[in-house]
Amino acid sequence: MDGSRYGPGQNGQSGASRTALALLVAGTYFMENLDATIIMPAIPAMAKSFGVAPVDLNVGVSAYLLTLGVFIPVSGWAAQRFGPRRIFALAIAVFTLASLLCGQSDGLWSFVPARVLQGIGGAMMVPVGRLLVLRETPKQGLVRAIAILTWPALIAPVLGPPLGGLIAGHGDWRWNFLLNLPLGLVALVLAWRWVPRLEPEPGQPFDWIGFLLCGSGLVALILAGEWLSRRGVSLPAALSLLGLGILLLVLAWRHLRRASAPVFDLAALRLPTFATAVVGGSMFRMSIGAIPFLVPLMLQLGLGYRPGPAGMVLMAVFAGNLLMKPATTPLMRRWGFRPLLLVNGVLNAALIAACALFGPTTPLWLICVVLFFGGMARSMQFTALNSIAFADVEKSAMNAANTLFSTVFQLAMGLGVALGGMGWRLGSALTSSAHALAAFHIAFLVVAVVALAGVVDVLWLKAGAGDHVLQQCAKA
């Protein structure tokens with residue numbers, strides 16, 4: 001795309017209009033992330049309603065995450081070919097309609113297609129929305145815009161489980177999906193009012209070979225991660241699927257480097273700031289994706305908490321996320337990206353590892369304190385990584401970089417639960433009991449190691465990398 005067409009002011013976008021657009025996209029991002037986790041506590045009630053075993057409902061969770069990861073690459077091409085405003089509004093409409101169909105499902109095999117449709121809407125909705133914000137935001141406003149877009153990814157996974165448990169425990173599980181209807185309708189109206197009219201461009205033909213290779217590889221990778229997180233699944237079969245996924249992605253990588261108009265343009269990976277946010281950032285996102293899965297399970301199965309209190313404990317993470325937000329930008333300006341990502345990344349890994357010290361005698365207030373400070377550290381790391389990712393990306397390359405970033409981002413978050421499950425399975429094998437507290441301790445240590453590995457990538461950044469964005473932000 002020609003970046004000049006989308007520069008600040010080209011479409012009459014004032015600062016207030018850009019903020020309104022960022023808030024709208026953040027709201028749609030919140031809907032998508034909430035739907036990925038709100039279903040968890042409602043699975044027993046849904047299984048009873050459908051007449052199936054609770055474990056069978058995992059296909060509904062996986063179908064949503066898989067569809068999100070696979071169809072994100074289509075979003076950039078569709079936005080260019082048909083115009084981002086049209087695609088963004090259409091995606092909101094599809095997501096809202098699919099939510100209605102999920103709420104009206106009367107069986108597993110009517111529910112799964114509805115979840116797939118919902119995933120298609122989400123896959124188009126959030127990346128195109130982020131692209132609109134990035135296109136309309138000048139460099140000096142990038143940090144503030146990214147901060148607005150970041151909070152849903154931090155809050156929704158924490159708010160989802162307790163909210164879903166509250167709805168399922170005191171009402172009908174269908175409202176977990178039906179609550180999207182008023183939100184979606186409001187978002188659709190605001191999209192037509194606030195999203196600038198950007199003309200579609202004559203684009204390249206869609207790269208079906210790259211899409212099929214990447215999509216098949218991602219599906220195999222996520223399914224292998226899910227299989228490895230389950231007990232009773234054949235280990236050779238799961239490892240074979242993992243190997244197939246890696247092979248397909250290697251073939252995809254070769255194709256993308258040679259194709260004239262690839263579904264993913266890998267050029268942005270030559271930028272150290274973008275590469276760090278993608279590679280090291282993926283390991284960080286996997287680690288934080290595992291926390292909302294492991295904490296309630298450890299509290300219930302390992303420490304004997306009831307489901308309600310176990311879910312509510314996650315609100316300590318939410319409080320840390322929220323309280324840290326106002327201090328994030330000043331701290332980034334004060335210390336710069338590289339020192340902050342290093343120190344805060346190590347602190348984040350240490351606070352995850354601290355969860356392995358929880359035992360029967362650990363007071364609830366101390367558990368909440370650890371989770372609270374962990375939420376603060378994750379909020380800071382999340383915002384810093386998202387801000388530095390696009391610091392050196394030119395406007396003309398923003399579409400390609402955003403598509404690649406969104407796909408890797410979604411894959412990493414989707415693999416977070418699988419990472420927690422694999423750590424739990426390893427702990428169960430070593431302790432001979434899935435309910436043993438030590439099994440969860442081992443799982444948290446595994447997740448902490450992955451989080452720490454993500455910090456290593458930051459060491460390759462030069463001093464002052466990305467800081468020009470912070471300087472422009474300070475002058476704004």
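Reader: What makes the link between the side chain of serine 105 and the backbone oxygen of leucine 101 a polar contact?

Author: Good place to start! In this predicted model, the serine 105 side chain reaches that oxygen at 2.8 Å. A polar contact requires N or O atoms within 3.5 Å, so a pair at 2.8 Å qualifies.

Reader: Where is serine 105 in the chain?

Author: Serine 105 belongs to the loop that joins helix H4 (84–103) to helix H5 (108–136).

Reader: Is serine 105 buried or exposed, and how do you know?

Author: Its relative accessible area is 3%. Buried means under 20%, so serine 105 is buried. Leaving aside neighbours within four places in sequence, serine 105 is in contact with several residues, including Phe50, Phe111 and Trp173.

Reader: Why does valine 112 count as buried?

Author: The reasoning is the same kind of check. Valine 112 has 10% relative accessibility, and the cut-off is under 20%, so valine 112 counts as buried too. Valine 112 is in helix H5. Its C-alpha is 5.3 Å from that of glycine 60, although 52 residues separate the two in sequence.

Reader: How many aromatic pairs are there in the whole structure?

Author: A search finds 14. One of them joins phenylalanine 50 and tryptophan 173.

Reader: Why is the pair of phenylalanine 50 and tryptophan 173 called edge-to-face?

Author: There are two steps. The ring centres are 5.4 Å apart, and the limit is within 6.5 Å, so the rings pair. The planes make an angle of 85°, and over 60 degrees counts as edge-to-face, so that is the name.

Reader: Which parts of the chain does this pair tie together?

Author: Phenylalanine 50 lies in helix H2 (residues 43–50), while tryptophan 173 lies in the loop between helix H6 (142–170) and helix H7 (175–178), so the parts tied together are 123 residues apart in sequence. Phenylalanine 50 and tryptophan 173 are both buried. Ring pairs also link Phe50, Phe111, Trp173 and Phe177 into a cluster.

Reader: What makes phenylalanine 284 and phenylalanine 382 an edge-to-face pair?

Author: Their centres are 6.1 Å apart, which is within 6.5 Å, and their planes are 70° apart, which is over 60. Phenylalanine 284 is in helix H11 (residues 272–302) and phenylalanine 382 in helix H15 (residues 364–389), so this pair ties together parts 98 residues apart in sequence. Phenylalanine 284 and phenylalanine 382 are buried.

Note on methods: Residues numbered from 1 in each chain as written. Predicted model: local features only at pLDDT ≥ 70, side-chain atom pairs only at ≥ 80, totals over all residues. Heavy atoms only, no water. Helix = DSSP H or I, 4+ residues; strand = E, 2+ residues; numbered from the N terminus. Buried < 20%, exposed > 50% of the residue type's maximum accessible area, 1.4 Å probe, protein only. Polar contact = N/O pair within 3.5 Å; in protein donor to acceptor, adjacent residues only side chain to side chain. Contact = heavy atoms within 4.5 Å. Phe/Tyr/Trp six-rings, centres within 6.5 Å; stacked < 30°, edge-to-face > 60°.
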